[in-house]
Structure formats: C-alpha cells, structure tokens
Amino acid sequence: MYSINENDFSKIDLNLVIVLLVMFEVRSVTLAANRLYLGQPAVSAALKRLREMFGDALFVRTSQGMTPTPRAEQLVQQFTPLIQDLHRVIFTPKAFDAQHDSRTFRIGMSDWLEQWLMPELLSELALTAPKIDIKVVAADPWQAIPLMEQQQADVVVTVGDEASRDLTREKIARAGFRTLWSAQQIAVKKLTLEAFVRHDHALVSYRGASESALDRELQQQGKARHVRYVTPHFSSLPLLLKQLPLFATVPQGLVDPWREHYDLQAAPVPVKMPDYELSLLWHNAQHDDPANRWLRDRLRGLLLTKAR
C-alpha cells in the first residue's frame, strides 16, 4: 500500500486543482473567473501558485487564448478522474440496497428475544434481502450498554432504560408477563394466588438472583413463593415444565409458541407485575448509516407487530 506523508499536503489547496481544470476547459482567465464566481485577480493568483507548485508555466498566452503546456495536459488527464471520484464520495453517499448488497449484521439480544423475533425476521429477509446474514450476540439488559459502547453489535434489542451519552435508545413498545405450567404436572385450571404460591417455581435471572419484582409484590401481600430452579436461559424452561410441577413466569411473547409446541397452560400472573419496555439501542456513530437505519426499521416494525 502506498504510504501517504500528511506533511506533503500541508500547503496544498484543493481549490487550485479546480482552477487548473476550469482553466484547461475555458482557456481564459476571465471566463474561468466567471465560472468559479471569483475575481480575475484571484484566478491569476491561483494560476501563479499552480505554476510555482508544478514548476511549469502550465498556460501560455497565445492568439488562441491561454494554451496549456504538455505538463498541464498531463496533470488534467491525471486529476480529472480523481476529482470525479472525490465529488462522488463527498456528494453521493453510497445507499444501502438490501435486495442486492451483502452484509452481516450483529444484533444483540437475550435468548427469549431471539426465540421470539428471529424466525420471523429471517423469513422476511429470505424474501427481501437474500444476501443479508444475521449474527446474534448474547446481550442481557446488563450487557447491552457496554456491548454497544464498544460497538460489538450494530443494534441491540433490549428492555430497561439504562442510558449512555454514546448511545441512542428508542423505546418501541410495552408488554407484560404470563405464567406457564403443564396441566399434566399441576392440575390447575384457573390460576389463583393460593395455587401460585403452593407450587414451586422456575426463575430466569441473568445475575443469579433468587427473587424478582414478583417476589417483592408477593411480600407486600404477606405471601412468598419457593423458587426451586434459577437459570439465565429461558430456553431451558419448556422441557422443565413438561417434566416437573413448576410454574414459570415469562414475557408474553413466549406464551403462544410455547403453548403450541409444548402443550402448556398459561394465565395472567395472579399478582401485579410491571410491564417491560422493549427498546432499540445503537451507537451514535451509526445513527445516520444507511444500512444501520435499514436494520432498525426492520426491527422496529417487527417489535411493533409482535407486541400487539
């Protein structure tokens, strides 16, 4: 790779190159000044600096106007495609074409969000963006902020409201919880508070805690439940419920697929539970990136649809 010495460019004015190209086209200081909206003295001064820079007269006054020297012709031939490329880079930012562009997106999320969202997202992408690949990065609510601050994901789908000056959080939708169990293990048709606390529970905790906001609400009512099993993974719960007399209280997005595939029962939690808020989280450096905006649009629409 060609090494660039930044000091070589310290005294270079890109506008001089533009003057050179315009002069080559119009062959007149007056016409060049009009084209560039400059005074004739400014163009003459620029031409003087160009001559000093390249050690060549560049343009010679003749009866046909300002005639370029061979050096000027060589410079124009070399500069023209470079200036065209530079103009394209500056004024025509590359758009993102999901139908044809190849890209791997890194999406941060916890395992329950992956179960809930990814089948539909991948089905959509198979039709509308066949060259887009997805890599899921594990991100529970406590991991989301540092993960995005280090730009280890393009977007995180998360809950909570933690903030960072480096990141943007967009709150999308609210949803609640439901309690699940197997009718073969617990013979309950209508879930009451008494039945809820009489049987053991499985709890998902990303930090290994044995209680949650649900337990604090039970305590206010003079009740308590026994948490027999704590896991950081929602994915382990359905088979446990099929085999053991346990209740599990989970985000409502998991309820319908788990009832369908595992023949589980579901009911509203018999104590007041705060809803969770689904958000998108991204680094401010990627805020205006066309590809990142496209991904956020897909995820936003999916969350709004699924959370209804």
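**Close-ups of a predicted model**

**View 1. Phe-91, out on the surface.** Phe-91 counts as exposed because its relative accessibility is 57%, and the cut-off for that label is over 50%. Keep in mind that this is a predicted model. Phe-91 sits in helix α4, and it belongs to a nonpolar surface patch together with Leu-14, Leu-86, Val-89 and Ile-90. Taken together, these residues offer about 500 Å² of accessible area. Helix α4, which covers residues 70–91, is the top contributor to the patch, with 4 residues.

**View 2. Trp-112 meets Tyr-276.** The model has 10 aromatic pairs, and here's one of them: the ring centres of Trp-112 and Tyr-276 lie 5.5 Å apart with the planes at 75 degrees, so this pair is edge-to-face. It ties together distant parts of the chain, since Trp-112 comes from helix α5 (residues 111–128) and Tyr-276 from strand β12 (residues 276–283), 164 residues apart. Both Trp-112 and Tyr-276 are buried.

**View 3. The ring cluster around that pair.** Zoom out a bit and Trp-112 and Tyr-276 turn out to be part of a cluster. Ring pairs join them with Trp-116, Phe-177 and Phe-234.

**View 4. Glu-217, a buried charge without a salt bridge.** Glu-217 is found in helix α8, residues 213–220. What is the nearest side chain of opposite charge to Glu-217? That's Lys-272, 6.7 Å away, whereas a salt bridge would need the charged atoms within 4 Å. So Glu-217 is buried yet has no salt bridge. Leaving aside residues up to four places away in sequence, Glu-217 touches Val-271 and Lys-272.

How values were computed: Residues numbered from 1 in each chain as written. Predicted model: local features only at pLDDT ≥ 70, side-chain atom pairs only at ≥ 80, totals over all residues. Heavy atoms only, no water. Helix = DSSP H or I, 4+ residues; strand = E, 2+ residues; numbered from the N terminus. Buried < 20%, exposed > 50% of the residue type's maximum accessible area, 1.4 Å probe, protein only. Lys, Arg positive; Asp, Glu negative; His and termini not counted. Contact = heavy atoms within 4.5 Å. Patch = residues over 30% accessible without salt bridge, like charges linked within 9 Å, V, L, I, M, F, W, Y side chains within 5 Å. Areas by Shrake-Rupley, 256 points an atom, 1.4 Å probe, with all protein chains shown as cover. Phe/Tyr/Trp six-rings, centres within 6.5 Å; stacked < 30°, edge-to-face > 60°.
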